[in-house]
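Visitor: Hi! Could you walk me through this structure?
Guide: Happy to. Let's put it up and begin with the core.

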Amino acid sequence: MKMSKNISKTLLIILFLIFSSLTWSNENNLSDYYKTIRCLVCDGQSIQESDTEFAINLKEQIKKKYEKGISFKEINDELVLIYGEEISFKPSKNHFLLWLSPIFIFLIILIVVRKKYIQQK
Amino acid sequence: MKKNLIIPLAGIIILLICSFYYIYQPSSQKLNSKQVPDILFETNDFYRSENINQENLGDFYIINFFASWCKPCLAEHPLLMELKSKGVKIVGVNFRDDEENFVNWIKKNGNPFEYVIRDDGTIAYEMGLIGVPETYFIKESLTQKKIQGPLFYEDVEKYL
């Protein structure tokens, strides 16, 4: 009898620990995600750090959607659709021209310098 | 002569590619293409306890986000009252406000709205609200213009 009481107590504790760790990891995931969302009314802050009405509302709306089972990617896509790309601290990777432009410029300079060098020779 | 042309030509080509890319980027970021979210018409009007009648609003109307705790909202309120007197239909969205404060605020300052709905932040999120007050000019269910902050006479003079 005593033994079964002990087992049920242990089980309850284990269940409590699992539940609390799950809740904690959910909160942790959410706060990590909030850090990637820019607060549009505060300079350089994410909504995680900001206490403005805009940030508070956005955090609530994101939390609601997350709890409904919507993934961060889907939430992010929706946010970009509503607020534009500036809402995210992680820009999409379609700015390849911007990233490649220094290489283009470097190549052009290299060709010009090489031609000048050959001409001088 | 030909050699001198290579660099400017390369520059022009790069510029053309960039401009083409900029013009044809996803249209989602263009405000004009934004449609009024359905949730606005699925929410009950505070005073009449019925949904907003889109036909009654007509082709052109204004959506104004306000709150009793927001001081700039008070500053633009007389302008909204004037718009109402000229027959412009305004949908008021009371953003994250205490019900009692909101009712008293409307009683004290007048009601310029055709419909008033209370929002816990969901409609604001769907509309892309940055802060109150914020006003959207809607034509044929599409946002034509959005004004962040209080309205000034110049913003609405063509409707007065």
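Guide: This is a predicted model. Its largest nonpolar core has 36 residues. Those with the most contacts inside the core are F65(B), F66(B), V91(B), V93(B), F95(B), A124(B) and V132(B).

Visitor: Which elements each supply at least two residues of this core?

Guide: From chain A there is α2 (53-67). Chain B brings β1 (60-66), α4 (71-85), β2 (90-95), β3 (115-119), α6 (122-127) and β4 (134-139).

Visitor: And where does the largest share come from?

Guide: That is β1(B), with five residues.

Visitor: OK, zooming in: what is V93(B) in contact with, leaving aside neighbours within four places in sequence?

Guide: V93(B) has contacts with I63(B), N64(B) and F65(B), and also with I117(B), D119(B) and I123(B).

Visitor: Switching to chain A. How many helices and strands are there?

Guide: Chain A has four helices and zero strands, so read from the N terminus the order is simply α-α-α-α. Of its 121 residues, 11% count as buried.

Visitor: What about its contacts between residues at least 6 apart in sequence?

Guide: Among those in chain A, 32% join residues at least 24 apart.

Visitor: Now the place where the chains touch. How many residues does each chain put in?

Guide: The contact takes 17 residues from chain A and 16 from chain B. On the chain B side, α1 (2-23) and α6 each supply at least two, and α1(B) gives the most, with six residues.

Visitor: How do the residues on that side of chain B divide?

Guide: Nine are nonpolar, six are polar and one is charged.

Conventions:
Residues are numbered from 1 along each chain as its sequence is written. Chains are lettered from A and ligands numbered from 1 in the order in which they are written. This is a predicted model: local features need pLDDT of at least 70, side-chain atom pairs count only at pLDDT 80 or more; totals for chains, interfaces and linings use all residues. A nonpolar core is a set of buried Ala, Val, Leu, Ile, Met, Phe, Trp, Tyr and Cys residues joined through C-beta atoms within 7 Å. A residue is buried if 20 or more other C-beta atoms lie within 10 Å of its own, exposed if 12 or fewer, and partly exposed in between; C-beta atoms are placed from the backbone. Two residues are in contact if their C-beta atoms, placed from the backbone, lie within 7 Å. Ala, Val, Leu, Ile, Met, Phe, Trp, Tyr, Cys and Pro count as nonpolar, Asp, Glu, Lys and Arg as charged, and the others, Gly among them, as polar.
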